[in-house]
Amino acid sequence: MSYRPDSTRYDTMVYRRCGQSGLKLPAVSLGLWHNFGHDLSYQVQRSICHSAFDHGITHFDLANNYGPPPGSAETVFGKILQQDFSGYRDELIISSKAGYHMWPGPYGEWGSRKYLIASCDQSLKRLGVDYVDIFYSHRFDPDTPLEETMRALDHIVRSGRALYVGISSYNTQRTREAAAILDSLGTPCLIHQPSYSMINRWVERDGLKPALQELGMGSIAFTPLAQGMLTDKYLSGIPDGSRATQNKSLNPDFISPGAVESIRALNNIAAKRGQSLAQMAIAWVLRDGGITSALIGASKPEQVVQCAEAVRNLSFSAEELKAIDASATEEDINLWAKSSAN
Ligand SMILES: NC(=O)c1ccc[n+]([C@@H]2O[C@H](COP(=O)([O-])OP(=O)(O)OC[C@H]3O[C@@H](n4cnc5c(N)ncnc54)[C@H](OP(=O)(O)O)[C@@H]3O)[C@@H](O)[C@H]2O)c1
């Protein structure tokens with residue numbers, strides 16, 4: 001069956017300028033970390049992507065290691081691109097990253113020029129594209145000079161492999177250093193990708209949001225739903241088939257009685273706003289303009305539709321924000337804390 005995008009796809013989504021660049025991102029973006037390898041059927045993967053684009057989600061986020069197995073999410077998305085989106089490449093923002101373990105030996109992870117450029121070439125091949133729109137250093141490498149990592153990103157842009165570059169899970173100090181190097185090379189750092197949600201607020205403690213504003217960089221918050229915890233999914237137990245049952249990155253121990261109590265209270269606040277908890281969680285990360293886009297994941301097309309509709313109400317009263325702060329207990333769920341500790 002051939003796919004034709006919905007002609008109303010740009011009617012409701014909100015697009016926000018990414019820092020001081022010319023690029024606008026949808027307020028909700030779709031990431032392919034989970035559910036885009038051999039863990040879901042191709043037909044469902046395809047319909048998740050169709051639903052996203054039909055609702056104005058123009059940005060698809062990947063990385064070399066997304067799967068399982070690593071690399072397969074790029075291969076699957078490459079197939080969808082070719083099969084369904086080939087006439088729409090210029091309407092899409094596709095990103096990829098390198099930093100985590102990808103192949104054996106000393107050149108298969110971290111931040112060397114050798115690894116980043118080789119990995120970018122592999123990603124382009126798997127995706128079947130000439131360039132990605134954004135290429136990221138996926139994590140700060142404490143053992144490689146930052147200058148080398150940033151020079152590699154600059155080279156990736158100059159050689160036509162990517163249009164823009166970004167960094168992920170770098171702390172505020174490293175972000176300032178990386179941005180200064182990239183500026184001096186003439187390739188501004190477009191975007192930062194940190195984890196951020198109502199129950200994972202390290203970016204606030206680290207002062208990242210005001211720093212990004214000052215540096216003119218945009219930002220895209222990953223895991224805004226805390227991997228599904230900030231939805232109605234775990235309100236009364238752990239349902240079959242949910243991420244917490246899949247032995248992936250969501251440890252079922254995270255769904256503790258204390259966390260569930262906090263999620264239930266947040267769910268009540270969302271209901272009073274006329275939103276689902278997922279929608280309120282997305283609106284919350286976008287609330288003060290300090291974050292350009294909320295980067296969600298999904299295992300079903302209906303989830304994408306519900307999340308895209310979060311943009312119908314992005315504003316909060318002072319009372320709502322106060323109630324959220326009183327209910328949202330910060331949980332020990334930041335799996336990326338080590339990367340931003342260096
Ligand atoms: N830069 C980095 O280091 C890094 C790290 C992690 C992630 N990311 C990026 O961020 C993206 C998002 O990560 P994530 O998937 O963990 O984000 P998330 O949006 O916090 O969680 C997604 C999960 O929430 C559930 N969900 C989504 N919408 C729902 C809805 N409307 N109702 C009920 N449940 C809903 C689904 O769980 P079920 O699967 O249980 O249905 C879905 O798989 C990744 O794909 C990746 O692109 C980047």
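Select proline 68 to begin: this residue is found in the loop between strand S4 (59–61) and helix H2 (72–83). Helices (H or I, at least four residues) and strands (E, at least two) are DSSP runs, numbered from the N terminus. The peptide bond from glycine 67 to proline 68 is cis, with omega near 10°. Go on to proline 69, in the loop between S4 and H2. Proline 68 and proline 69 are also joined by a cis peptide bond, and its omega is about -10°.

The model is a predicted one, in which local features need pLDDT of at least 70 and side-chain atom pairs count only at pLDDT 80 or more, while totals for chains, interfaces and linings use all residues. Residues are numbered from 1 along each chain as its sequence is written.

**Whole chain**

Zoom out to the full chain, which holds 12 helices and 10 strands. The C-alpha trace spans about 50 × 50 × 40 Å along its principal axes. For 342 residues, a compact globule would have a radius of gyration near 20 Å, and the 19 Å of the chain agrees with that. This radius is taken over C-alpha atoms, and the globule rule is 2.2 Å times the number of residues to the power 0.38. Of the 342 residues, 47% count as buried. Buried stands for 20 or more other C-beta atoms within 10 Å of the residue's own, exposed for 12 or fewer, and partly exposed for values in between, with C-beta atoms placed from the backbone. Among contacts with a separation of 6 or more, 79% are between residues 24 or more positions apart. A contact requires C-beta atoms, placed from the backbone, within 7 Å.

**Strand S9 and its neighbours**

Select residues 218–222, strand S9: 5 of the 5 residues are buried, so the strand is largely enclosed by the rest of the structure. Gly218, Ile220 and Phe222 lie on one side, Ser219 and Ala221 on the other, and both faces are covered. In a regular strand the side chains alternate between the two faces of the sheet.

Add strand S8 (residues 189–193), which runs parallel to S9 and is joined to it by 2 bridges. Strands pair if DSSP finds at least two bridges between them. Isoleucine 191 has glycine 218 in S9 as its bridge partner. Next add S10, which runs parallel to S9 with 3 bridges between them. Here phenylalanine 222 stands opposite leucine 295 in S10.

**Helix H10 and the ligand**

In H10, select Val304, Cys307 and Ala308, which are buried. They cover an arc of only 100° around the axis, which puts them on the same side of H10; the arc is that of the directions from the helix axis to the C-beta atoms. The buried residues of H10 pack against strand S3 (28–31), helix H1 (42–54), helix H9 (277–285) and S10.

Now select the ligand. Of the 30 residues around it, Gly31, Trp33, Leu225, Gly228 and Gly297 come nearest. A residue is near if its C-beta atom, placed from the backbone, lies within 6 Å. The elements that give two or more residues to this shell are strand S10 (293–296) and helix H10 (301–308). H10 gives the largest share, 3 residues.

**Two positive phi values**

Select tryptophan 110, in the loop between strand S5 (93–98) and helix H3 (113–127). Its phi is near 75°, a positive value in a residue other than glycine. Tryptophan 110 is buried, with 22 other C-beta atoms within 10 Å.

Finish at serine 169, in the loop between strand S7 (162–168) and helix H5 (172–185). Serine 169 is not a glycine, although its phi is positive, about 60°. Serine 169 is buried, with 27 other C-beta atoms within 10 Å.

Note on methods
Two residues are in contact if their C-beta atoms, placed from the backbone, lie within 7 Å.
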